[in-house]
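Me: I should like to go through a protein model with you, one question at a time. Please give the reasoning before each result.

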Amino acid sequence: MVRGRAIGCGRVGAAALLAASVIGCDDGPPPPIEELVDYQRDVQPILAEHCFGCHGPDAATRAAGLRLDTFEDATADRGGGRFAIAPRDPDASLAIQRIEAVEPSPRMPPAPNDPLADSDIATLRRWIAQGAAYGRHWAFEPIAEVTVPGGASHPMDAFVEARLGDEGITPAPRAEPAVLVRRLSLDLRGLPPSPEELDAFVADPSDAAYEALVDRWLASPAHAERLALDWMDYAGYGDSNGLHADDPRTAWPWRDWVIAQFLANRPLDEMIVAQVAGDLLPSATEEDVLATGFLRHHVTTGEGGVDPEERRFLHSMDRARLVGTQLFGLTVHCAQCHDHKYDPISQRDFYSLIACFDRVADRGLVTTPDTEVPTLAVTSPLWPARRAEIVARLAVLDARLAEDDVTRAASSWEASLAPGAASFVVPDDVLGDSLEGRASVDVDGTLRPRGAVPIGDTLTITIDHDAPIHAIRLELGEGRSLVLPRLTEVTVDREAEDARARVTLVRASFDDDGSDASAVIDGHNTTGIELPTPRAITLVPSAPIGAGERLVLRVDQRFGTSSVFGSLRVLVSSDARAIVTPAVRSALDRPAIERTDAERAEVRALFVEAVPSSPAHDEALEARALRAELARGDAPVRTRVMREDDPDRRTRILSRGQWASPAEEVRCAVPAALRIDHPVEVANRLELARFVVGETNPITLRVLANHYFQLLVGTSLVATPDDWGTRGGTPAHRALLDWLATSLRNGHWDLRAYLRMIVLSETYRRSSTVSPELALADPTNALLSRGVRRRLEAELVRDGALVAAGLLAPSIGGPPAFVSHPDGLYEATGDGLGAITTYPVDRAPRAHHRRALYTFWRRSAPHPSMALFDAPDRIHAVARREETSTPTQALALWNDPHFVEAARVMATRARRAHPADPDAQIEDVFRRVLARPPTEAERALLRASYDAERAELEDAADDADALLTIGDADVARDASLDDAALTHVARAVLSTSESITRE
């Protein structure tokens, strides 16, 4: 009978699902090719969705002893000549009988699951009738060389156009030049193009100009940062531990290593091997070891109630999950408690993978930096290049300073200084309304904060003084609690009518001995000083502050643990002697001829830095700042890495995933599903890493080729880029995917060349405009008939506003920045424990306006605006971000100080560039944000908005002033109501869908 012949055929030629590519019977003539049911494409998704959960790889949950994921099991005799699947006989197949049952009791899948759709049942019937040919899951099949179809000059286009031709679809035309250049800039650099770049390409959109632009941007540091941001998601990078107090960790050297590798265009396979096993490479360098920080981004805890050894094992499990999900594309962690329900990943496979990462003696309980072992003391891999720039610049500055004859000017300055110490007085007016209800002021000007003792505090003090100010003194009293008070940062803004500017403070020193206190003016709230006894600090600006100007002092005490002051008095001095330190005062009290060389150097340095009329004043300030940067960059930091420092550890399978139930021992091994065609044994991480990028591993190459295709084109060739198992999607362009994979491999893993190839294709350059015909023929764009319109990542939204305003700081690498942040958020989300119970905002604009990938990433409280735009918390690594659209995103674009600051700076610059021409100003703003001129309708709408805002602000001057002082960027002295009205227009443009969308 048919059934018997099928089973006989199965016994002779059949093998398990993962042992052969195609299994079935060849009795009788094959059906016409156009009618064949493809197991991978048509059948496996149905079985995986509805059947494998109870009748799949997991023996522990398998019902009725029936397995439907292999030919041998599905067609086995179940007694009495009954078969779940009887090849070529659907009616005799028990599976079909149960699926088609009318009564709920015998029907499969059982209630409350919905019955299979009629179309799915018809597919299964046709498949069985054709012989029930099984096949290995496509992602596990070896990658074969693919023949490129003819008909297109670019190979990628040839595959896409051939498929579109089969479907009778005409693809979309090429995007307009302005749209294309913005798309390319955002994809390659993560930044919008400048107006000059936009105009140049619109004037010459030729293929040669396009290729030149591609090559220039691919070689740029901005491109390396763009790729690094993506890889930080891929690795689950975070600047904090993630659990318990969620303390900070020093992970940024690894991030800088990634940037450096992309900047140098290191082959991607070498990067991966270094990150998985750099410490095991022969003659491993310091940077090779640093690369393994990739495996140390998992969350850790310092909570005393955990079992340290159990927690340590979970760290190894996290590392196995990272490699399994991000490099193998499989949900291997689903096999923690039992064999995988849907994929051929056994519990033994998962624990064998864990064994590859289980010889590192990291500690399960991380309470201090000393317990973060193993660690490595390093400087940033990007630092040598920056250091060379600084050293070269300092040589130029020092030469200029040595050439300048300041002797006569310095002598005149010395003669103007009367003997003795400078006098300091209480300013004419202190406090105003800035501390109303929070502090009282004594008759001598002492501020005494009152109320509950805060964890951390920021006092904003407004002072007025009619005379010029040469120096400011802060007299700091006892703490308000038993904790020693700590001052983390002091900034001073100078305010005049419609203007505000940051005062450059060149020195902070203790009054009693003149010792250095510059940690409180370095722009970083992560540094500071403890004051065991009341002390006074003198702050010296780079130039005297003009008479009658209002000063706003921001005194930050953001260390947490209630280390705040009980009293504070601000004094000012109009005496030129106030800038003199005790050491210089001692030297000045003696004739110049009696001074030592060191004293002469100190007097000279003080003069050129603190007296603006001195020769080389600006060069001296620049040199001082560069030397401070040099000292910070040269200081090594400790970061977490991998080291095989516990080779005798044994890894055991945990019964049902329970730590208290260890079972048999396992050794490091590759999952069996990936070594069918080429059996391979791996003994350690290095051998595993080489397998990951080796030619015998079919899946990782596909995963990475697809990942970078998705990064540029905007859509994945596989619907589930984070799951390549049987529940995942089947690529609509399978041949293209395999060609891309072989292209990356045959190109020696040159990622830059691979990305260049993609963006030079017509497929990449097509318009994203959806015509009615394309919407009907290719509704989800699975066939790549047009370009992809998608929302920008949170960091790109933020950076785009900085670029449009001209505020983006060009520095690359280094410690993370604490950018503007809602007050009280850390206090509200934390438990008062740890080192970052308060948010220490970096006050230095150079840090504040850096690219968003450098933002300090606290996993328990990600930056709220970026979280609104779907930035992940990075508790785990992610292959693709989710994308949502919510009203709160619009509110953030309108009201977040970051975007308001960008809007007002943009408005001021546009007004200055086009004075007395509001229409030109509006167009300037529009082009900077959207990289195109406005249409006539948009121009009219924005002009009407400008006029309405301008008229309203005439009766609300205070509102205009408040708007123009939001953010840390200086406010122009010629700021006006025009600026405020144009700021509202800029906010509107920044909040458009187009501004946060890549077309």
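Me: Leaving aside its neighbours within four places in sequence, with which residues is Asp 968 in contact?

Reply: The model is predicted: local features need pLDDT of at least 70, side-chain atom pairs count only at pLDDT 80 or more, and totals for chains, interfaces and linings use all residues. Residues are numbered from 1 along each chain as its sequence is written, and side-chain values use heavy atoms, with hydrogens and water left out. Contact means heavy atoms within 4.5 Å. On that basis, and without the neighbours within four places in sequence, the partners of Asp 968 are Arg 500, Arg 502, Arg 554, Arg 843, His 848, Glu 901 and Arg 904.

Me: Where is Asp 968 placed, and is this residue buried or exposed?

Reply: Asp 968 belongs to the loop between α36 (957–963) and α37 (977–990); helices (H or I, at least four residues) and strands (E, at least two) are DSSP runs, numbered from the N terminus. Buried means under 20% relative accessible area, exposed over 50%, and partly exposed in between, with a 1.4 Å probe and protein chains only. With a relative accessible area of 10%, Asp 968 is buried.

Me: Which residue is the bridge partner of Thr 491 in β15?

Reply: Strand β10 (residues 489–496) and β15 pair in the antiparallel sense over seven bridges; two strands pair if DSSP finds at least two bridges between them. Within β15, Thr 491 has as its bridge partner Arg 554.

Me: Why is strand β15 (residues 550–557) largely enclosed by the rest of the structure?

Reply: The enclosure of β15 follows from the burial of its residues. Strand β15 is largely enclosed because the number of its eight residues that are buried is seven.

Me: How many bridges join strand β7 (residues 457–464) to β15?

Reply: In β15, Asp 457 has Gln 557 as its bridge partner, and Thr 458 stands opposite Asp 556. The two strands run antiparallel, and the number of bridges that join them is seven.

Me: What is the order of the open sheet of five strands, and which are the edge strands?

Reply: Strands of a sheet pair through backbone hydrogen bonds, either parallel or antiparallel. Here the pairing is antiparallel, and the order is β4-β7-β15-β10-β11. Each edge strand pairs on one side only, and these strands are β4 (429–430) and β11 (499–502).

Me: Which strands pair with β14 over five bridges?

Reply: Strand β14 (residues 535–541) is mostly covered, with six of its seven residues buried. Ile 472 stands opposite Leu 539 in β14, and Ser 509 stands opposite Thr 538. The antiparallel partners, with five bridges each, are β8 (residues 471–476) and β12 (residues 505–510).

Me: What is omega for the cis peptide bond from Ala 111 to Pro 112, and what is omega for the cis bond from Val 373 to Pro 374?

Reply: Pro 112 lies in the loop between α5 (94–99) and α6 (118–129), whereas Pro 374 is in the loop between α16 (347–355) and β3 (375–378). For the bond from Ala 111 to Pro 112, omega is near 10 degrees. For the bond from Val 373 to Pro 374, omega is near -5 degrees.

Me: What is phi of Ala 616, and what is phi of Ala 931?

Reply: Ala 616 lies in the loop between α20 (597–610) and α21 (617–634) and is buried, with a relative accessible area of 11%. Ala 931 is in the loop between α34 (918–930) and α35 (936–953) and is also buried, at 4%. Phi is positive in Ala 616, a residue other than glycine, at near 60 degrees. Phi of Ala 931 is likewise positive, near 60 degrees.

Me: How many helices and strands does the protein have, and what is its radius of gyration?

Reply: The secondary structure comes to 37 helices and 21 strands. The radius of gyration is taken over C-alpha atoms, and the globule rule is 2.2 Å times the number of residues to the power 0.38. For 999 residues that rule gives 30 Å; the protein is close to this value and so as compact as a globular protein of that length, with a radius of gyration of 34 Å.

Me: What share of the residues in the protein is buried?

Reply: The C-alpha trace spans about 120 × 70 × 55 Å along its principal axes. Of the 999 residues, the buried share is 54%.
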